[in-house]
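Trainee: I would like a close look at one part of this model, the second sheet and whatever packs beside it. Please start with the strand pairing and work outwards from there.

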Amino acid sequence: MAGNFTSSCRNMKLIDGHILYAECRDLQGEWFQSTLDLDEHLGNDNGVFKWYDKNFSHSAEDIRLVDGGTIVAKLRRWSDQQWESSSVSLNNLITNNDGRLELGEF
């Protein structure tokens, strides 16, 4: 199951820096509000976003959603405690499953 949720969702935003909110269209064309806690699926690997990890927001600052489907943040590097600018396309793995945001697979 690939991503590309932005093709069938609208009004994407981040809540509390880690909860993705969107209105997603189901198979009948109705719109539903949906959320996905990115901290359950996205981590920080020494200053770089890492899928299938957890709690990226615990070591991030200036977290933003840009272009509806890309998350940008400064992530702490464990090696030297510096901050690294990083981004990841949520469209790579997040999908709209009949009106619900879900994590897909590589």
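In which sense do β6 and β7 pair, and over how many bridges?

Mentor: The model is predicted, so read every value as a property of computed coordinates. Strands β6 and β7 pair in the antiparallel sense, and the pairing runs over five bridges. One of the matched positions is E61, whose bridge partner in β7 is K74. In sequence, β6 covers residues 60-66 and β7 covers residues 70-76. The two strands form a hairpin with three residues between them. In that turn, D67 has a positive phi of about 55°.

On its other pairing, β7 meets β8, again in the antiparallel sense, over seven bridges. Here A73 of β7 has S86 of β8 as its bridge partner. Together the strands make an open sheet of three, in the order β6-β7-β8, with antiparallel pairing. Its edge strands are β6 and β8 (83-89), each of which pairs on one side only. From one strand to the next, the twist averages 15°. As background, strands of a sheet pair through backbone hydrogen bonds, either parallel or antiparallel.

Now consider the residue just before β6. S59 sits in the loop that joins β5 (49-51) to β6 (60-66). Its relative accessibility is 5%, which is why S59 counts as buried: the limit is under 20%. Leaving out residues up to four places away in sequence, S59 touches N44, K74, L75, R76, W78 and W83. Among these, K74 is the residue already met as the bridge partner of E61, and K74, L75 and R76 fall within the range of β7 (70-76). W83 falls within the range of β8 (83-89). The loop residue S59 therefore has contacts with residues of β7 as well as with W83, and is buried at 5% relative accessibility.

The polar side of this site is the S59 and N44 pair. Their side chains are joined by a polar contact of 2.8 Å. N44 belongs to strand β4 (residues 42-44). Because its relative accessible area is 9%, N44 is buried too. The N44 side chain also reaches the backbone nitrogen of N46, at 3.4 Å. Outside its sequence neighbours up to four places away, N44 touches D53, F56, S59, L75, R76 and W78. L75, R76 and W78 appear in the contacts of both S59 and N44.

Going back along the chain from S59 leads to β5, where W51 is found. W51 is buried as well, because its relative accessible area is 11%. W51 and E105 are 54 residues apart in sequence, yet their C-alpha atoms are 9.9 Å apart in space. W51 is also one of the residues in contact with I94, a set that includes F5, L20, L36 and L101.

I94 brings in the nonpolar packing. The largest nonpolar core has 21 residues, and L90, I94 and L101 have the most contacts inside it. Elements giving two or more residues to this core are β2, β5, β7 and β10 (100-103). Thus β7, the strand asked about, has a place in the sheet order β6-β7-β8 and also supplies the core. In soluble globular proteins, nonpolar side chains tend to be buried together.

For reference, there is another open sheet of three strands, in the order β1-β2-β3 with antiparallel pairing. Its edge strands are β1 (9-15) and β3 (31-37), and its twist averages 20° from one strand to the next. Strands β1 and β2 (residues 19-25) pair in the antiparallel sense over five bridges. C9 has C24 as its bridge partner in β2, while I15 stands opposite I19. A hairpin is formed here as well, with three residues between β1 and β2, and D16 in the turn has a positive phi of about 55°.

Finally, the annotation. An unreviewed UniProt entry places the feature "domain: Cyanovirin-N" at residues 4-103. That span is 0% helix and 56% strand, and its end C-alpha atoms lie 11 Å apart.

Conventions
Residues numbered from 1 in each chain as written. Predicted model: local features only at pLDDT ≥ 70, side-chain atom pairs only at ≥ 80, totals over all residues. Heavy atoms only, no water. Helix = DSSP H or I, 4+ residues; strand = E, 2+ residues; numbered from the N terminus. Buried < 20%, exposed > 50% of the residue type's maximum accessible area, 1.4 Å probe, protein only. Polar contact = N/O pair within 3.5 Å; in protein donor to acceptor, adjacent residues only side chain to side chain. Contact = heavy atoms within 4.5 Å. Pairing = 2+ DSSP bridges. Axes fitted to C-alpha atoms, helices over the stretch in contact; angles between N-to-C directions. Core = buried A, V, L, I, M, F, W, Y, C linked by side-chain atoms within 4.5 Å. UniProt positions renumbered as here; feature names shortened; annotations may be inferred.
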